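Visitor: I'm new to this one, so please take me through it slowly. Start with the whole thing, then pick a single part and look at it closely, along with whatever surrounds it.

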Amino acid sequence: MYLPPHFREDDVAAQHALIRARPLGLLISAGAGGLMANPVPFLIDADGAGLGTLRAHLARANPQWRDLDGLSECLVVFQGPDAYVTPSWYATKRETGKVVPTWNYAAVQARGRPRVVEDAAWLARQIDDLTRLQEGRRPEPWAVADAPEPFLAAQLKGIVGIEIPISALAGKWKVSQNRPEADRAGVAAGLIREGGPGDPMARLVAAGGGRPGGKAGGPAGGPAGGQP
């Protein structure tokens, strides 16, 4: 991933937070049949000193797990908030007219050596953890145990687990850090007008990327606003 310094996010806690907030990752592998990509919901386990471990499961009928078995590396891409940014929001447009459109976004890419897991206890834990994460905030959460035991056993036979100890993490928060303060304020205000006060990209722009210490005060003379 192309990572200009002012858009780079190296904080592992921030990267993990994006993965937890947007757990549907694009699992990409290159096997005997060529490139393959599938959207898959992931869990991430933090391990203190390391970068963490991703956990997921695939349908046994999905051929990707056979490609993953034995690969030295795969890639998982997590997409956070994104938004089109019109030059009309920039104060610079009114001052010089030297502006172009761009697209703001936050994303995390994780690489690691995948391990295929067929252990029934591991799979049961995976399904339970993923269900509790998504159902826990609902007023009447559904639990795995609500389904009949024979039915669950049959369902578990139809999936295969994937575990990916992360060897490399890359985060990119392209949220107008390369624009002057007045331009950033205009972007945040424009996003709020269109998406409401809770707009996630507006919050990231206002926070300067959300980094500890923020980089919102980055150089206004950075690369052009249209740079991806």
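## From the outside in

Guide: Let's begin with the outside: the accessible surface of the chain comes to about 11600 Å², and 57% of that belongs to carbon and sulfur atoms. (Areas like this come from the Shrake-Rupley method with a 1.4 Å probe, and for residues only the protein chains shown count as cover.) Bear in mind that this is a predicted model, where local features need pLDDT of at least 70, side-chain atom pairs count only at pLDDT 80 or more, and totals for chains, interfaces and linings use all residues. Residues are numbered from 1 along each chain as its sequence is written, and side-chain values use heavy atoms, with hydrogens and water left out.

How confident is the predictor? pLDDT is its confidence in each residue, from 0 to 100; the mean for the chain is 91, and 91% of the residues reach 70 or more. One stretch to treat with care is residues 211-225, where pLDDT stays under 50.

As for overall layout, you're looking at seven helices and nine strands. Those are DSSP runs numbered from the N terminus: helices are H or I with at least four residues, strands are E with at least two. The C-alpha atoms fill a box of roughly 70 × 45 × 35 Å along the principal axes. Of the 228 residues, 46% are buried, where buried means under 20% relative accessible area, exposed means over 50%, and partly exposed is in between (1.4 Å probe, protein chains only).

Now for the close look, and my pick is strand β5, residues 53-59. This strand is mostly covered, with five of its seven residues buried. β5 has partners, too; two strands count as paired if DSSP finds at least two bridges between them. Strand β4 (residues 43-45) runs antiparallel to β5, joined by three bridges. One place to find that pairing is Ile44, whose bridge partner in β5 is Leu54. Strand β9 (residues 159-174) is also antiparallel to β5, and here seven bridges do the joining. Look for Leu58, which has Val160 of β9 as its bridge partner.

Stay in β9 for a moment and find Ile166. At a relative accessible area of 9%, Ile166 is buried. Beyond its neighbours within four places in sequence, Ile166 is in contact (heavy atoms within 4.5 Å) with several residues, including Thr53, Leu54 and Ile44. Its list also takes in Leu51, Gly52, Ala110 and Arg111. Ile166 and Val76 are 90 residues apart along the chain, yet their C-alpha atoms are separated by 9.9 Å. Links across the sequence show up in the totals as well: among contacts between residues at least 6 apart in sequence, 77% join residues at least 24 apart.

β9 is also where the next loop sets off, running from β9 to α6 (181-195), and Ser176 sits in that loop. With 2% relative accessibility, Ser176 counts as buried. Its backbone is a bit of a surprise: Ser176 has a positive phi of about 70° without being a glycine. Most residues other than glycine have a negative phi.

Go back to β4 and step just before it, into the loop between β3 and β4. There you meet Phe42, in one of two aromatic pairs in the structure. Rings of Phe, Tyr and Trp (its six-membered ring) pair if their centres lie within 6.5 Å; planes under 30 degrees apart are stacked, over 60 edge-to-face, and the rest tilted. The partner is Phe78: the ring centres are 5.7 Å apart and the planes meet at 75°, so this pair is edge-to-face. Because Phe78 lies in strand β6 (residues 74-85), the pair ties together parts 36 residues apart in sequence. Both Phe42 and Phe78 are buried.

The other pair is Tyr84 with Trp103, centres 5.8 Å apart and planes at 65°, so it is edge-to-face as well. Tyr84 is in β6 and Trp103 in strand β7 (residues 102-112), so this pair links parts 19 residues apart in sequence. Here the setting is more open to view: Tyr84 is partly exposed at 41%, and Trp103 is partly exposed at 45%.

Finally, follow β3 back to its other neighbour, β2 (residues 24-31), which runs antiparallel to β3 with eight bridges. Ile28 stands opposite Ala37 there, and a hairpin of two residues joins the strands.

Note on methods. pLDDT = per-residue confidence, 0-100.
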